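Q: I am new to this structure and would like a close look at a single part of it. Could you choose one element and describe it together with its surroundings?

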Amino acid sequence: MRPLPTHLNAVPFPVIGAPLFIISNPQLVIAQCTSGVVGAMPALNARPAEQLEDWLAEMTEALAAHNATHPEQPAAPFAINQIVHKSNERLDHDMALCVKYKVPVIITSLGAREDVNAAAHSYGGVVLHDVINNRHAHKAVEKGADGLIAVAAGAGGHAGVKSPFALVQEIRQWFDGPLALSGSIATGGAVLAAQAMGADFAYIGSAFIATHEARASDAYKQAIVECTSDDIVYSNLFTGVHGNYLAPSIRAAGLDPQHLPESDPSKMNFGGDRSKAWKDIWGCGQGIGAVTQVQSTADLVARLKNEYAAARSQLCHLV
């Protein structure tokens, strides 16, 4: 595989925190980065749109201050997620701010656009694109994405149905650039397994919902702790794109998780009423059985690191 781009090569621990719609905020991103993993948030989490500049300034300044006082343990870079879909009327505005603040990593979802990639490349930024199959991976790279995020079965929120083994295997047959794997990863052992399959990074979302810094309700966080993979429902009802959600939140909304109607994909939307739905319908991946308490982001990352080291040690004994 090719050497990682400079920004990604500087990540102390091979984890990218998935951008969590509504939930990710500057506090969570800063805590992730200073703990040694890439912190990420959707640009659309900043509402109104003008708030995005305040948040970008806050994160940039906080991480620079951390690096100045901790030169021996610099923070990981942060990432901003852009929804590259026609329903996102803020895309041009939000990308202009990302260029202004030289956001190190841009994560694009639900479409690939050459102009967005070019904007990130204009200042040396790295673009990672979400894909759920090999065909989408080819298209993303053809349009200029630097790396890929393989969103496999079991990932929280919008997710594919491919086995992580199949998806990573097919992508690595032709692509030797940066690759992250998403799908039910919530332990350090799973991080190591992702690398063993050929990924450079594990992409973790749901476990970070149950942290003190996350902008999720206490009920949401507790549900992450109490539920298991048996409580995850795969549906396209809420955004027009299939994704994984917590069954208890669907029941609380007066719906039957086992008998949900299909949504019209042509009405896909990620603003207005759709954003309201995500406050009540909770996205979540199948890996939550490993989440047993609400804790700080630093403590969660410390657990992942300890488990990763133990898994590597055990692997060495086996071989």
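A: What follows is a close look at helix α3, then at the pocket, the cores and the cavity.

The model is a predicted one, and within it helix α3 covers residues 51-69. The length of α3 can be checked by simple reasoning: at 1.5 Å a residue its 19 residues should span 27 Å, and because the C-alpha atoms at its two ends are 27 Å apart, the expectation and the model agree.

Which residues of α3 are buried? They are Leu52, Trp55, Leu56, Ala57, Met59, Leu63 and His66, and as a group these buried residues pack against α2 (26-35), β2 (39-42), β3 (78-83) and α4 (91-100). An α-helix has 3.6 residues a turn, so residues three or four places apart point the same way. Leu52, Trp55, Met59, Leu63 and His66, which are among the buried residues of the helix, can be read with that spacing in mind.

Leu63 also has a part in the second largest pocket, where it is one of the lining residues. That pocket holds about 150 Å³ of space, and helix α3 gives the largest share of its lining, four residues. Thr60, Leu63, Ala64 and Asn67 are in the lining, and so are Ala75, Ala76, Pro77, Phe78, Tyr101, Lys102 and Pro104. Divided by class, this lining has eight nonpolar, two polar and one charged residues.

Phe78, a lining residue of that pocket, leads on to the largest nonpolar core, which has 73 residues. Phe78 is among those that touch the most other members, together with Ile80, Ile106, Ile171, Ile204, Ile224 and Leu246. The largest share of this core, five residues, is again given by α3. In soluble globular proteins, nonpolar side chains tend to be buried together. Apart from this core there is a second, separate one of 19 residues, and its members include Leu8, Ile107, Ile149 and Tyr203.

Leu246, in the largest core, touches Tyr220, Ala223, Ile224, Cys227, Asp231, Ile232, Trp282, Cys284 and Ile288, when residues up to four places away in sequence are not counted.

Finally, a search of the whole structure finds one cavity of 30 Å³ or more, with a volume of about 30 Å³. The elements that give two or more residues to its lining are α5 (114-121) and β5 (126-131). Five nonpolar, four polar and one charged residues make up this lining, among them Val84, Thr108, Arg113, Val127 and His129.

Technical notes
Residues are numbered from 1 along each chain as its sequence is written. This is a predicted model: local features need pLDDT of at least 70, side-chain atom pairs count only at pLDDT 80 or more; totals for chains, interfaces and linings use all residues. Side-chain values use heavy atoms; hydrogens and water are left out. On a 1 Å grid over the protein atoms alone, a cavity is a set of points where a 1.4 Å probe fits but cannot get out, and a pocket is an open set with protein on both sides within 12 Å along at least five of seven lines; lining residues have an atom within 4 Å of a point. Grid points are joined across faces, edges and corners, and a volume is the space filled by probe spheres set on the points. Ala, Val, Leu, Ile, Met, Phe, Trp, Tyr, Cys and Pro count as nonpolar, Asp, Glu, Lys and Arg as charged, and the others, Gly among them, as polar. The expected span of a helix is 1.5 Å times one less than its number of residues. Buried means under 20% relative accessible area, exposed over 50%, partly exposed in between (1.4 Å probe, protein chains only). Contact means heavy atoms within 4.5 Å. A nonpolar core is a set of buried Ala, Val, Leu, Ile, Met, Phe, Trp, Tyr and Cys residues joined through side-chain atoms within 4.5 Å.
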